[in-house]
Amino acid sequence: MKNIRTLAFLAVLAVSFDTVSVADLYKGLSAYVAGDYVTAFKEIKAPAERGIATAQNLLGNLYYSGDGVSQNYVEAAKWFGLAAKQDDALAQSSLGDLYQSGLGVSQDYA
């Protein structure tokens, strides 16, 4: 689920023009790449809450893997779902994986 090159590319394409969110997202992506997941979580949370799909997908990844935050499949499904509603293909795929395995959601192959 961690494809940082794709996430970084999507961040450039999909980010709103809110410069604070862009700066936070950039810091969060940089921290994520460096393996500093605690900082990544702190920096990604605000843009995710502002509705930036790339940040929501990354936050879902952090909750899914338990990097920088306690592993929580329910939270992962929440954030993947929010990004998926904005046509984020990576989030849609990740959410589908959760439904297939029944992690954080009721298992549903449909």
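**Exercises on a helical chain: the α4 and α5 pair**

In this predicted model, Ala-53, Gln-56, Asn-57, Leu-59, Gly-60, Asn-61, Tyr-63 and Tyr-64 of α4 are in contact with Tyr-73, Glu-75, Ala-76, Trp-79, Phe-80, Leu-82 and Ala-83 of α5.

**Exercise 1.** Determine how many nonpolar, polar and charged residues the contact of α4 with α5 has.

*Solution.* Take the residues listed above and sort them by class. The contact of α4 with α5 then has 10 nonpolar, 4 polar and 1 charged residues.

**Exercise 2.** Describe the relative orientation of α4 and α5.

*Solution.* Two packed helices are described by the angle between their axes and the distance between the axes. Step one: locate the helices, α4 at residues 53-65 and α5 at residues 73-84. Step two: read the geometry, in which the packing angle is about 160 degrees and the axes lie 8 Å apart. Step three: apply the cut-off, by which angles over 145 degrees count as roughly antiparallel; α4 is therefore roughly antiparallel to α5. Step four: state the handedness of the crossing of α4 and α5, which is left-handed.

**Exercise 3.** Place this pair within the protein chain as a whole.

*Solution.* Step one: count the elements; the protein chain has 6 helices and 0 strands, in the order α-α-α-α-α-α from the N terminus. Step two: consider burial, for which 38% of the 110 residues qualify. Step three: consider the surface, where the chain exposes about 5,900 Å², with carbon and sulfur atoms supplying 54% of that area. Step four: consider sequence separation; of the contacts between residues at least 6 apart in sequence, 48% join residues at least 24 apart.

Note on methods. Residues are numbered from 1 along each chain as its sequence is written. This is a predicted model: local features need pLDDT of at least 70, side-chain atom pairs count only at pLDDT 80 or more; totals for chains, interfaces and linings use all residues. Side-chain values use heavy atoms; hydrogens and water are left out. Helices (H or I, at least four residues) and strands (E, at least two) are DSSP runs, numbered from the N terminus. Buried means under 20% relative accessible area, exposed over 50%, partly exposed in between (1.4 Å probe, protein chains only). Contact means heavy atoms within 4.5 Å. Accessible areas come from the Shrake-Rupley method with a 1.4 Å probe; for residues, only the protein chains shown count as cover. Axes are lines fitted to C-alpha atoms, for helices over the stretch in contact, and angles run from 0 to 180 degrees between N-to-C directions. Angles under 35 degrees count as roughly parallel, over 145 as roughly antiparallel, 65 to 115 as roughly perpendicular and the rest as oblique. A crossing is left-handed if the near helix is turned anticlockwise from the far one by less than a right angle, and right-handed if clockwise. Ala, Val, Leu, Ile, Met, Phe, Trp, Tyr, Cys and Pro count as nonpolar, Asp, Glu, Lys and Arg as charged, and the others, Gly among them, as polar.
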